[in-house]
Amino acid sequence: MTLPANEQQDSPRVSPRTVISLYVKMTKGSRLLFLSALALLGVSLLMYLGFALAIGKLVDGALAAYTGETEAGGGMADWGINQWAWLLFALLLINMVCNFFEACWFQVVGERAAVELRTRLLDRLIHLPMGFFSTIRAGDLSSRILADVGLLQEGWINDVRNAISYIVMLLGSVTMLFVISPSLAIFVFLTVPPVVVLTVWFGKKISAGARRVQNQLGQTSVIAEEAIHGIHRVKTFTNEEYENRRFGKTMAEYLNSATSVARHRAGLFSGIVFVLMTASVFLMWYGSLQIQQRKLTPGDFTSFMFFLGFLGNAGGLLAQLAGRIHRMAGAAQRVSDLLDEKPEETNGNDGASDSFADTLTGDIEFCDVSFTYPGRQQVSVLNGINLHLKPGKCVAVVGPSGAGKSTLTALIFRLFEPSQGILKIDGKNASDYSLAHLRGQMAMVPQEVLLFGGTIEENIAYGRPEASRGEVIEAAKKANALEFIEQLPKGFDTPAGDRGVQLSGGQRQRIAIARAILRDPAVLLLDEATSSLDSENEKLIQKALADLIRKRTSLVIAHRLSTVRQADTIIVMKEGQIVEQGTHDELHEANGFYRQLCDEQECLIED
Ligand SMILES: Nc1ncnc2c1ncn2[C@@H]1O[C@H](COP(=O)(O)OP(=O)(O)O)[C@@H](O)[C@H]1O
Ligand SMILES: [Mg+2]
């Protein structure tokens, strides 16, 4: 069973392979930069190791000067403290330069990867079938694009880089410990098991206790809340003392658990400090013994302690990273789940689509089509629809809201596939066409027009992005939108969308009509396209619409019956079925559901 996406947050089944393969995919374009950054990171880590060694040499140099015994060997063996100090300084300088470029490049690789991933995600998203969107919340999707990728990016820049450097540091330090003094190194690693045992044992006690404390605290607050909300009940039964006892008892339990947690925490802390400090004392003693026996120089011992410091540091940070990597794995899983969704085949799934490359004549036939939305299987939205839209004719669809009118248009656009029956376009099964070809010859003017954050011109040209300025203006004129557009502060260059100019519903609808005019489609679908126009505006664009409709197959869904009188056929829908069909006069005569709707809107029919 798959969980809903948002509950997969802490799912433990994400594999590190998911994260790694996602990263490999994300950084394909900047592999060279990544490898260079990695190489510089390596150099910088070498500098640290060299630093610890050189410190040891510095100490030995000082000691040699102090005791007056200089080893004669030539080369670096003769170096005094000044030379070693200069070397240390040089190492730091090199390290700084490496750090600069390495940090900068990792950052750039991370940014590029995030851009790449977000682009891919959006591309994948907009190519997913509509069914996908009705089963998932939009907020969840945009959070995947923004938050999860952000998390991965941050992880990329910091965590992955750090993990690499900590691991290298850890391995390097361990090696150096053994190189300097195997017996001291073995001694160091003998202290690891007790620390691990201590941490695990106390850790378990602490987390179990912490959960208990949390629960008991929750219970006490429930009791307090009940007592306050039910104060009437408490008082009428004179049960104040009872409530006090109930609260007191739970509080005592809470205190017990909390005390036990405090004891375990303290035990862990003091135990670890004790083990580590004892080990240090023992280490110092054993190291001094070795120095005394001339098996080790004080400088080497100093270096040893530095490496030990590096080791402890890297180990601790690596443990912290583990938790973050786990969180990242969750994000990686959600992101790759989305990337693995199967997109619509907009280019057709068979060679057959080539034979349909010509323009459609716009003959659309619903043959016994039934439909349920993927997200709501229990409700049948369309029931045995038989409907023929003939080329160049206009069919109007009326009926109460929820009757399934808009769903018809969604099926014609093949946003969804019929659950039963066949949708034929120009005599062939609609699913034989490539989606891009099919949708390329259709245009839709919806009820709610959404403008995106481009200029007005770009919004109109959305119908045909290669259109010239002149064509856009022409389309706007035909849609009766020219006048108001020219009154905008920057005319056609005025930004629209959420952050742009606020247009009224009617103005937005006229932009959508201009879009459709510009597209010049074989099939035109108007879904309550004039419903947000006032009657004055409506009259103004009726003529433009009439021109637009005349030349192509059109399906006009209208709330106001006055707008559908001219249609060649009117179909009346109710609860997913076609209940009446005919011209306005025929249906009016028939005295049925259409007549009833007409009578309800009498005032509108008048004009
Ligand atoms: N994306 C969707 N997912 C599930 N149910 C939907 C969806 N869109 C519409 N419906 C349901 O399908 C029925 C018909 O809707 P619709 O075609 O929009 O009706 P109309 O356009 O006639 O008002 C309604 O009951 C509506 O709630
Ligand atoms: Mg509708």
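**Sheets, domains and a ligand shell in a predicted model**

In this predicted model, Val397 of β3 stands opposite Ile557 in β8. This pair is a good place to enter the structure, and the neighbouring strands follow from it. Strands β3 and β8 run parallel and are joined by 4 bridges. On the β7 side, β8 again pairs in the parallel sense, here over 5 bridges, and Leu525 is found opposite Leu555 of β8. Strand β7 (residues 523-527) in turn runs parallel to β6, with 4 bridges between the two; Ala443 faces Leu524 of β7 in this pairing.

Taken as a whole, these strands belong to an open sheet of 6 strands, ordered β6-β7-β8-β3-β9-β10, in which the pairing is mixed. The edges are occupied by β6 (442-445) and β10 (577-582); each has a single partner strand, so one side of each lacks a neighbour in the sheet. On average, neighbouring strands here are turned by 15° against each other when direction is ignored.

Within this sheet, how many of the residues of strand β8 are buried? The strand, spanning residues 553-557, is mostly covered, with 5 of its 5 residues buried. Thr553, Leu555 and Ile557 point one way from β8, while Ser554 and Val556 point the other way, and all are buried. Two of these residues have already appeared in the strand pairings: Leu555 as the residue opposite Leu525, and Ile557 as the residue opposite Val397.

The antiparallel part of the mixed sheet includes β9 and β10, which are joined by 5 bridges. The bridge partner of Lys574 is Gln577 in β10. The two strands form a hairpin with 2 residues between them, and Glu575 in the turn has a positive phi of about 45°. For context, most residues other than glycine have a negative phi.

Helices also pack on this sheet. Helix α16 (residues 505-519) touches β6 and β7, and its direction makes about 170° with that of β6. Helix α19 (residues 593-600) touches β3 (394-398), β9 (569-574) and β10, its direction making about 90° with that of β9.

The end of α16 leads to another backbone feature. Asp520, in the loop between α16 and β7, has a phi near 50°, a positive value in a residue other than glycine. Is Asp520 buried or partly exposed? Asp520 counts as partly exposed because 17 C-beta neighbours lie inside 10 Å. A comparable case concerns Thr238, whose phi is near 40° and thus positive in a residue other than glycine. Thr238 lies in the loop between α8 (231-236) and α9 (240-292), and is exposed, with 8 other C-beta atoms within 10 Å.

A further open sheet is made of 4 strands in the order β2-β1-β4-β5, with antiparallel pairing. Here β2 (382-389) and β5 (428-429) stand at the edges; each has a single partner strand, so one side of each is left without a neighbour in the sheet. Strand β1 (residues 364-371) and strand β4 (residues 420-425) pair over 5 bridges in the antiparallel sense, and Ile364 stands opposite Ile425 of β4. Helix α11 (residues 405-412) lies across β1, β2 and β4, running at about 115° to β1.

Residues of α11 also take part in the surroundings of ligand 1, among them Lys405, Ser406 and Thr407. The residues around ligand 1 further include Ser401, Gly402, Ala403 and Gly404, together with Tyr373, Gly375, Arg376 and Val381. Ser134 is another residue of this shell. By class, the shell holds 3 nonpolar, 7 polar and 2 charged residues.

At the level of the whole chain, the domain assignment gives domain 1 (11-180 + 309-343), domain 2 (182-295) and domain 3 (352-441 + 563-607). The centres of domain 1 and domain 3, taken over C-alpha atoms, are separated by 59 Å. The contact between these domains takes 4 residues from domain 1 and 5 residues from domain 3. On the side of domain 1 that touches domain 3, there are 1 nonpolar, 3 polar and no charged residues.

Methods. Residues numbered from 1 in each chain as written. Chains lettered and ligands numbered in written order. Predicted model: local features only at pLDDT ≥ 70, side-chain atom pairs only at ≥ 80, totals over all residues. Domains from an automatic or database assignment. Contact = placed C-beta atoms within 7 Å. Nonpolar A, V, L, I, M, F, W, Y, C, P; charged D, E, K, R; others polar. Pairing = 2+ DSSP bridges. Axes fitted to C-alpha atoms, helices over the stretch in contact; angles between N-to-C directions. Near = placed C-beta within 6 Å. Buried ≥ 20, exposed ≤ 12 C-beta atoms within 10 Å, placed from the backbone.
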